[in-house]
Amino acid sequence: MSKYDYLVVGAGLFGAIFAHEAAKKGKMIKVIEKREHIAGNVYTKEVEGIQVHEYGAHIFHTSDKEIWEYINQFAEFNRYTNSPVANYKGEIYNLPFNMNTFNKLWGVVTPAEAQEKIEAQRAVLNGKVPENLEEQAISLVGTDIYQKLIKDYTEKQWGKKTTELPAFIIRRLPVRLTYDNNYFNDTYQGIPIGGYTQIVEKMLDHENIDVETGTDFFLIRKNILLTILKLSLLG
Ligand SMILES: Cc1cc2nc3c(=O)[nH]c(=O)nc-3n(C[C@H](O)[C@H](O)[C@H](O)COP(=O)(O)OP(=O)(O)OC[C@H]3O[C@@H](n4cnc5c(N)ncnc54)[C@H](O)[C@@H]3O)c2cc1C
């Protein structure tokens with residue numbers, strides 16, 4: 001440790017950006033990463049020409065031009081717009097719920113018609129204060145959206161019936177009364193061509209940065225603290 005100014009725990013985007021910026025300012029950095037690879041949750045690897053996002057798909061999104069320009073130094077981004085769809089028993093619906101979803105569900109065309117439909121479906125609760133997630137969802141978006149787009153997904157995610165889950169889990173569900181399938185509201189979004197791992201590789205590729213993978217901080221912290229203690233006693 002003696003030659004380092006900073007020990008960075010974790011070689012994800014956060015750790016890599018810190019290391020990169022500190023190294024540019026002349027600091028000496030040691031990065032340790034408990035996984036066998038760098039890049040953290042945005043780790044991607046090429047399989048048969050396809051960039052596989054090992055820990056789940058990652059779409060970079062921001063409304064901050066400076067951040068967008070910063071990340072674009074390290075890779076070229078494609079023009080990907082996240083517009084997910086839900087498959088309910090073969091029926092395809094746009095998410096997050098918007099006028100395209102409502103048109104498919106009920107044939108409504110205007111926001112007023114959609115709102116009217118949702119209001120009518122909420123009425124089944126007769127003004128009752130929601131006591132569980134099912135009632136809370138119905139009070140927010142009505143019965144059809146709840147049945148088709150919330151119930152099964154939520155029960156799978158939580159491993160429990162929605163009637164057994166507390167209402168507070170979904171205090172609000174965004175309902176968009178526009179024909180916009182874009183999941184994110186941010187100005188800039190995309191996926192780096194060639195994957196994310198190359199970005200983190202480039203960030204960490206500096207003569208002032210040493211990277212050690214397969215090392216858990218909690219297993220070596222005693223040694224590190226002892227070294228720091230010795231150095232401070234000597235110094
Ligand atoms: C399935 C999924 C999908 C996501 N999709 C998106 C998306 O589309 N867009 C978006 O903006 N964000 C998304 N995120 C969030 C995104 O993953 C994070 O914002 C981003 O990766 C965080 O970077 P990070 O460096 O803070 O953390 P991480 O990427 O988690 O990096 C932390 C690193 O620290 C290491 N570490 C932890 N403890 C120790 C230790 N004791 N010793 C050594 N190393 C340690 C970990 O192994 C890890 O590599 C998603 C997350 C998941 C799980």
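**Figure 1. Glutamate 48 in the β3–β4 loop of the predicted model**. Glutamate 48 is exposed (over 50% relative accessible area, 1.4 Å probe, protein chains only), its relative accessible area being 79%. The residue sits in the loop between β3 (44–47) and β4 (50–53); helices (H or I, at least four residues) and strands (E, at least two) are DSSP runs, numbered from the N terminus. Its phi is positive, about 50°, although glutamate 48 is not a glycine. Most residues other than glycine have a negative phi. The model is predicted: local features need pLDDT of at least 70, side-chain atom pairs count only at pLDDT 80 or more, and totals for chains, interfaces and linings use all residues. Residues are numbered from 1 along each chain as its sequence is written, and side-chain values use heavy atoms, without hydrogens and water.

**Figure 2. Asparagine 126 between α4 and α5**. This loop residue lies between α4 (111–122) and α5 (133–158). Asparagine 126 has a positive phi near 50° and is exposed, at 72% relative accessibility.

**Figure 3. The cis peptide bond at proline 96**. Leucine 95 and proline 96 are joined by a cis peptide bond with omega about -15°. Proline 96 belongs to the loop between β7 (91–94) and α3 (99–106).

**Figure 4. Polar contacts of the ligand**. A polar contact is a pair of N or O atoms within 3.5 Å; within protein, one must be able to donate a hydrogen and the other to accept it, and residues adjacent in sequence count only if both atoms are side-chain atoms. An oxygen atom of the ligand lies 2.9 Å from a backbone N or O atom of phenylalanine 14. For the side chain of arginine 35, the distance from an N or O atom to a ligand oxygen atom is 3.1 Å.

Notes
Buried < 20%, exposed > 50% of the residue type's maximum accessible area, 1.4 Å probe, protein only.
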